[in-house]
Amino acid sequence: MQHDLIAQANTWLAEDPDPETRDELAALIEAGDTQELAARFAGTLQFGTAGLRGELGAGPMRMNRSVVIRAAAGLAAYLKAQGEEGGLVVIGYDARYKSEDFARDTAAVMTGAGLRAAVLPRPLPTPVLAYAIRHLGAVAGVEVTASHNPPRDNGYKVYLGDGSQIVPPADGEIADAIAAVGPLGDVVRPEDGWQTLGEEVLDAYLARTDAVLAADSPRTARTVYTAMHGVGTSVLTAAFARAGFPAPVLVTEQAEPDPAFPTVAFPNPEEPGAMDLAFATARRASPDLVIANDPDADRCAVAVPDAATEGGWRMLRGDEVGALLAAHLVERGASGVFAESIVSSSLLGRIAEKAGLGYEETLTGFKWIARVDGLRYGYEEALGYCVDPEGVRDKDGITAALLVAELASVLKEQGRTLLDLLDDLALAHGLHATDQLSVRVEDLSVIANAMTRLREQPPTTLAGLAVTSAEDLSQGTDLLPPTDGLRYHLEGARVIVRPSGTEPKLKCYLEVVVPVADTAGLPAARARGAELLAGIKRDLATAAGI
């Protein structure tokens, strides 16, 4: 077995076009590090509805140029099989390690396969790539990004010509085409022949951002902004300047792209400590809002002044921002369908129903939300908001930030805040309190064991609330295709448990709804909501064995 492993590694080494990963793999072979080699060659990084995502390094279980070239060759073969010979593929990339290399390799493979390739001019937000696909009439798009994953990771996200991410069966068909790719040396990769786009594609995206704002709306909200060491700063500040908002005060330590992400353990605004520098800047600048993007700027986090919160600033949950933006769009006279994934708060459905708008729940991910017929607005609790589906059929942290700033400006003119509007929504629809139990693992069997345990021994009560129904989402429902997940309905609460599609995490999404009679009852409702969420989290962890 050891001999076979070394032989497999040497075969891979002979094909690897990257001197860095060749040296890395050669060192492992020379050292006889069979444990590490076994991890690198335990299989292949699987292509799915999130494309590819994983740790950088040599071998088929890591993200590297060899893996990307095979993925690009498989995607090219799939597109040609769909009759898209000669079609345009647009490629974008973030500022992570190897991102530009992976983008250039993809362009070379597409060109060699008889497709046309165009690469964005520099590291830019993922929404710019999603916009460019439809703007340029492309048959597909590729974004090289690992979003908010740790610094050691990178990823490969695929969009088709409608501008939305791939879903089944396309993902499986592309995976089959990747598996059918022969020796790497047979993949034609010319040194040129593709186009590097100019700034005009970004200019067109920025011109489109105007569409998310009302023509006569106030633009007075002052913001502190962090790009979290990602690619958002230049695009967001340009969008704010076009719109006429005050220039955001930048968190200077995190304003420029840096693939090492030196000031954060995880470059995700939801992670503990990630917003500390932004809050420190806000305490000096006293803005109306703090806005953060994740490193590829497709997510948007919002914090507001709150004297009751330690440090004076309160992070809003994704569900809170999702409801606020929905209420703002309703106030502006929106029509069409509001949509969210099943892990997001049920408050959106109540807002849509009261406004007489369509409403739809989807599986997790914007690949599903973006495909809702008649979509006007979609969001997911993980800080993702689609506020201009005609422009970007995906989450977009730039346009979401603009819309939040507009809402804050409207409320500011009325002497009110986002927290006041959240109170209004609680009075109108009940207090919808949400939380998450998220467990990051090194061993993926921990997740599988937890899911098995919950399926075999489902809880009957959580936090003293009876479980009134339990659904195994792997069987599908009348409205949803199958997915690996569990959903529990309780008396006044809801729980969904699922493995993350992009990280080694088990994620449990909790919601409780507490009736509120009047403003005086809000503090008690919040306390009751927090108590129930803590109890559900505790009891669910016990039931899952985590």
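Helix H9 passes helix H14 in a right-handed crossing, and this pair of helices is a useful place to start reading the model, which is a predicted one. Beyond the helix pair, the briefing turns to an open sheet of 6 strands and to a nonpolar core of 87 residues, the largest in the model.

**The helix pair**
- The axes of H9, which covers residues 233-243, and of H14 come within 10 Å and cross at roughly 40 degrees.
- Angles from 35 to 65 degrees fall outside the parallel and perpendicular ranges and count as oblique, and H9 and H14 are therefore oblique to each other.
- On the H9 side the contact is made by Val235, Leu236, Ala239, Phe240 and Ala243, while H14 contributes Ile398, Ala401, Leu402 and Ala405.

**The nonpolar cores**
- Within the largest nonpolar core, the residues with the most contacts are Tyr377, Tyr385 and Leu418.
- Helix H14, residues 397-413, supplies the largest share of this core, namely 10 residues.
- A second, separate core holds 51 residues, among them Phe47, Leu52, Leu160 and Ala170.
- Setting aside neighbours within four places in sequence, Tyr377 is in contact with residues including Val321, Leu325, Phe338, Leu348 and Tyr385.

**The sheet**
- The strands of the open sheet are arranged in the order E1-E5-E4-E2-E3-E6, and their pairing is mixed.
- Strands E1 (52-55) and E6 (195-196) stand at the edges with a single partner strand each, so one side of each is left without a neighbour in the sheet.
- Strand E3, residues 116-119, pairs with E6 in the parallel sense over 2 bridges, and the bridge partner of Val119 in E6 is Thr196.

Notes: Residues numbered from 1 in each chain as written. Predicted model: local features only at pLDDT ≥ 70, side-chain atom pairs only at ≥ 80, totals over all residues. Heavy atoms only, no water. Pairing = 2+ DSSP bridges. Helix = DSSP H or I, 4+ residues; strand = E, 2+ residues; numbered from the N terminus. Core = buried A, V, L, I, M, F, W, Y, C linked by side-chain atoms within 4.5 Å. Buried < 20%, exposed > 50% of the residue type's maximum accessible area, 1.4 Å probe, protein only. Contact = heavy atoms within 4.5 Å. Axes fitted to C-alpha atoms, helices over the stretch in contact; angles between N-to-C directions. Parallel < 35°, antiparallel > 145°, perpendicular 65-115°, else oblique. Left-handed = near helix turned anticlockwise from the far one by under 90°.
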